[in-house]
Amino acid sequence: MTGPVGVLHVHSDYSRDGLDSLEALRTFALDRGIAFVCLTDHAEDFDRAKFEEYLIRCREVSAGGPLLFPGLEFRFAGFPGLHLLALGLRAWMEPATPLDFLAQASGNAEFTIVAHPLLCRYEIPEGIGAGIDAIEVWNAAYNTRWLPDPRAIALLQQLRRQRPAIVGVAGLDQHDASNDRETRVVLHQGDPRNPWETLRAGRFENRGRTLRFDPRMEWAPWRLALLRGARWGLDRVERVQDRLVRRLRRARSGRR
């Protein structure tokens, strides 16, 4: 049985680089049968007053339709590439360090995630693994819509050896709803108005265009090796495409 479908790691125009209003994201969800949208707008684009407005607007836009849960994405001085997501955030928080984030998120955020760990080179500060709820093992912006990140999966497996409660999630990292990269989380059961316990318990499935997988990701080494090989091939193709696009742009600019 398929339960409620949700999307994680979505930016609205409350973020400086987000293109979609909350109303547009509601329409995006309605059109695709998505029951809940977990927003993660950039914390540095907010202050307390703007966040209070954001909470109110999320409640207003969610009335009678798909639910837009407010949340923020935090980064930290001295920790390059480390981005932590607080989903279902109820009140303003302003952490200075990753450990501050965990302390302030406790009892205030419903679900926390280490986002796109490739940016921090798969190294997270000591203590974060003891308190974070999830690792984003498939970021559809950085890893593409086609395949998850095998090194992020290896990080999750490493952390789960010490703390089995951590789960792996697929996130959109969406800034423009016109480019839906199609990653979803599908709850096995539960109420989309309160998906948090189901997410924390790992009672959901990650889905993308090419794969479906359990959030615990207890994959055998051979399966992870196959993914590494496929990922290597895909990345090489993308690098070639990027070089061709750059050459075409230079050629066109040279003709002007």
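**View 1. Asp180 sits buried in this predicted model, with a relative accessible area of 13%.** Its partner here is Arg184: the two side chains meet in a salt bridge, 2.7 Å from N to O. Arg184 is buried too, again with a relative accessible area of 13%.

**View 2. Glu182 and Arg145 pair up through their side chains in a salt bridge, 3.7 Å from N to O.** Glu182 comes from the loop between β9 (167-171) and β10 (184-187), while Arg145 belongs to the loop between β8 (134-139) and α4 (150-162), so this contact ties together parts 37 residues apart in sequence. Glu182 counts as partly exposed, at 28% relative accessibility, whereas Arg145 counts as buried at 18%.

**View 3. Asp45 and Arg16 form a salt bridge, their closest N and O atoms 3.2 Å apart.** Asp45 lies in the loop between β3 (41-42) and α2 (48-62), and Arg16 in the loop between β1 (5-10) and α1 (22-32), so the pair links parts that are 29 residues apart in sequence. Asp45 is buried, at 18% relative accessible area, but Arg16 is exposed, at 53%. Zoom out a little and you'll find a network of salt bridges joining Arg16, Glu44, Asp45 and Arg75. Across the whole structure, the search turns up 16 salt bridges.

**View 4. Cys38 is buried, at 0% relative accessibility.** Don't look for a disulfide here: the closest cysteine sulfur, in Cys58, is 11 Å from that of Cys38, too far for a bond. In fact, searching the whole structure gives 0 disulfides. Cys120 is another buried cysteine, with a relative accessible area of 8%.

Key
Residues numbered from 1 in each chain as written. Predicted model: local features only at pLDDT ≥ 70, side-chain atom pairs only at ≥ 80, totals over all residues. Heavy atoms only, no water. Disulfide = S-S within 2.5 Å. Buried < 20%, exposed > 50% of the residue type's maximum accessible area, 1.4 Å probe, protein only. Salt bridge = Lys/Arg side-chain N within 4 Å of Asp/Glu carboxyl O. Helix = DSSP H or I, 4+ residues; strand = E, 2+ residues; numbered from the N terminus.
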